[in-house]
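Thanks, everyone. Let me put the model up and walk through a few places in it.

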Amino acid sequence: MSYRLLGWVLVSAASVVLFTAMPGNGQTSPATTSRIPRMPDGKPNFTGLWQTLGTAHWDIRDHSTQPGPFSQLGATGAMPAGQGIVEGGEIPYTPAAAAKQKENLQNRMTLDPEIKCYMPGIPRANYMPFPFQIVQSQRDIAFVYEYATSNRVVNMGKSREAAVDTWMGTSNGRWEGDTLVVDVSGLNGNSWFDRSGNFQSDNTHVVERFTLGDADHINYEASIEDKTIYTRPWKISTVMYRRKEKNAQLNEFKCVEFVEELIYGHLKKK
Amino acid sequence: MRHRLAVSTARMVVLAAMCALAAESASAQAAKAAPGTENWTPPKTPWGDPDLQGTWTSDDCIGTPLNRPANLGDKLYYTERELAQRESELAKQQQNDLQEVVAPDQRVSTGPPSHWVERARRPCRQTSLVVDPPNGRTPDLLPEAQTRRIPEGANNNNPKADSWEDFSYYIRCISRGVTGSIFPVIYGNGQQIMQAPGYVTILQEMVHEARVIPVDGRPHASPSIRSYMGDPRGHWEKNTLVVETTNFLGNKTGIGLNGGGTPTSDALKLIERYTRTGSSGLQYEVTIDDPKTFTRPFKVAFPLTQEPGYQNFEYACHEGNYAMSNSLSGARAQEKAAAEAAKKK
């Protein structure tokens, strides 16, 4: 065995011990602390493949079962009932914004950015019915979402102002104990929260909180603030589950090909 | 129990550090052969992998052709004199770019203004991106590849615009493939590499591709799962990240700039090698093996650099693809005008 190989084996062995035995910083209970994966510096390690369960991608509010828009899809196109993820149940829209949400819902087949394979924005990307991969370095943290290969990098260094408004926004992160807090600004206002027309504007400011409940669950919260369309700040909360299948991995869902007829069909040569 | 575990962990760390030091000095000696790396030790992540992280760009080889002009024969590198000449051309170009931005009453054209495009900061030493075979040219196509029915839009820069399918997968904002996403083009050459224990991810500005590369020894996904960007698996060879990518969809993108060229087959296998050469340099090399398309495997290589202030931006390609609707509606308008003109005759 060469020195190099021996070195690797020992480093790997030491890493395994370090990752599992690194003490926490006292912010969470010892029982929880010992069970969550950690980086060599002791910070929680969110690296892995995650997915949110439930029906929030249909409607982030409490909702009943409803038929789908196309009878051809039968039972597969229907919208299942589900508990919402909005704390307190209601989104505090201003009257004008409430009217716009209803209009969005009525015209969702042409207006919903998801139907057009557009980037989902934040927080919607986090609870779509697709997995996403977190790659956490010793500095910044990458989120790669399977849907439309949308992605973002959470900057953990000195906070940076959004250079331009974007679909996925500008993410600045910081640690509050074992909680990863991500401040999302510079959203371009084109994103929705779900398939039911709940929407944001280019003034919307999102602050997300990611906390490992144990090795395989992230408790996720996001507070949403926008004086132009909501009468007060409001909050969503849900759970992200680690994908545990032994062959689970991020796949490619490039959806542009599925929407070109829809978007450009009227411009095709007859 | 907990106490003893901590003590033994500390001993292992010290031992591992000693071994790592011994290994480092060995590799430092080996690295002496390469110019410009004498006093530079490749950094490691806190978990012990070589640290390739940063935003890298292939800008310096913008304009270097994939295939070497035949008259240059086997000459891969320019001479120092030729490089000096190219350097002064770059400086002149920089002046022109400034002029174009500030000059009033500048004639406008339909192409992007020159300040949109990225420029090489120093001349590329190579005469071609292909480095093997020695003549620097893509190997011949197999007969079966020459007769393969390729999609209408593949490699089509002058589409008839009957449908979106007449345009390349790049123009449609779908993909440029793996090699097309790193070969240097006019802008958007950023490659942001991020690492975690067990993973490397490469975020590419153009078409916002994101390659998640497991480096934990797991096998490839089932060959039944096919994609534009393939299924990558990485491992470390000393300080080099080696990525093997398979499971490609056939007949989509080619091994040209922006994924142009004859589309490769579903048998394509890429072996990429990423090696840091200094604090701001990384050598990229890819071996392209497609036994259904090319007569032999070949190799493309070029340097990537980290530049102060260079970063990726969100490239919402499909979301802002006005070129597609404008091209299609323009073509329909021309047809309508032509039909009306014909009626008048």
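Start in chain A, in the loop between α4 (108-111) and β2 (132-136). A:Pro123 is found there. Look at the peptide bond leading into A:Pro123 from A:Ile122. That bond is cis, with omega near 15°. Keep in mind that this is a predicted model.

Chain B has a cis bond to show as well. Which residues does it join? B:Asp132 and B:Pro133, with omega about 10°. B:Pro133 is in a loop too, between β2 (130-132) and α3 (143-147) of chain B.

Stay in chain B for the backbone angles. B:Lys238 is not a glycine, yet its phi is positive, near 50°. Where does B:Lys238 sit? In the loop between β6 (231-237) and β7 (240-246) of chain B. Buried or exposed? Neither, strictly. There are 14 other C-beta atoms within 10 Å, so B:Lys238 is partly exposed. Exposed would need 12 or fewer, buried 20 or more.

Next, B:Asn251. Again a residue that is not a glycine, again a positive phi, about 65°. B:Asn251 belongs to the loop between β7 and β8 (269-278) of chain B. With 17 other C-beta atoms within 10 Å, B:Asn251 counts as partly exposed.

Now the interior. How many residues make up the largest nonpolar core? The number is 96. A:Val135, A:Ala142 and A:Val144 have the most contacts inside it. Which strand gives the most to this core? Strand β3 of chain A, residues 141-145, with five residues.

Take A:Ala142 and set aside its neighbours within four places in sequence. On chain A, its contacts include A:Val135, A:Asn151 and A:Val153. On chain B, they include B:Met194, B:Thr201 and B:Leu203. So A:Ala142 has contacts in both chains.

Another core lies apart from the largest one, and it has five residues. Among them are B:Ala161, B:Trp164, B:Phe167 and B:Leu328.

Last stop, helix α5 of chain B, residues 322-344. Does the length add up? What span should its 23 residues have, at 1.5 Å a residue? The answer is 33 Å. The end C-alpha atoms are 33 Å apart, which agrees. And why do we say α5(B) lies largely in the open? Because the number buried is two, out of 23 residues.

That is my tour. Over to you.

Notes
Residues are numbered from 1 along each chain as its sequence is written. Chains are lettered from A and ligands numbered from 1 in the order in which they are written. This is a predicted model: local features need pLDDT of at least 70, side-chain atom pairs count only at pLDDT 80 or more; totals for chains, interfaces and linings use all residues. A nonpolar core is a set of buried Ala, Val, Leu, Ile, Met, Phe, Trp, Tyr and Cys residues joined through C-beta atoms within 7 Å. Helices (H or I, at least four residues) and strands (E, at least two) are DSSP runs, numbered from the N terminus. Two residues are in contact if their C-beta atoms, placed from the backbone, lie within 7 Å. The expected span of a helix is 1.5 Å times one less than its number of residues.
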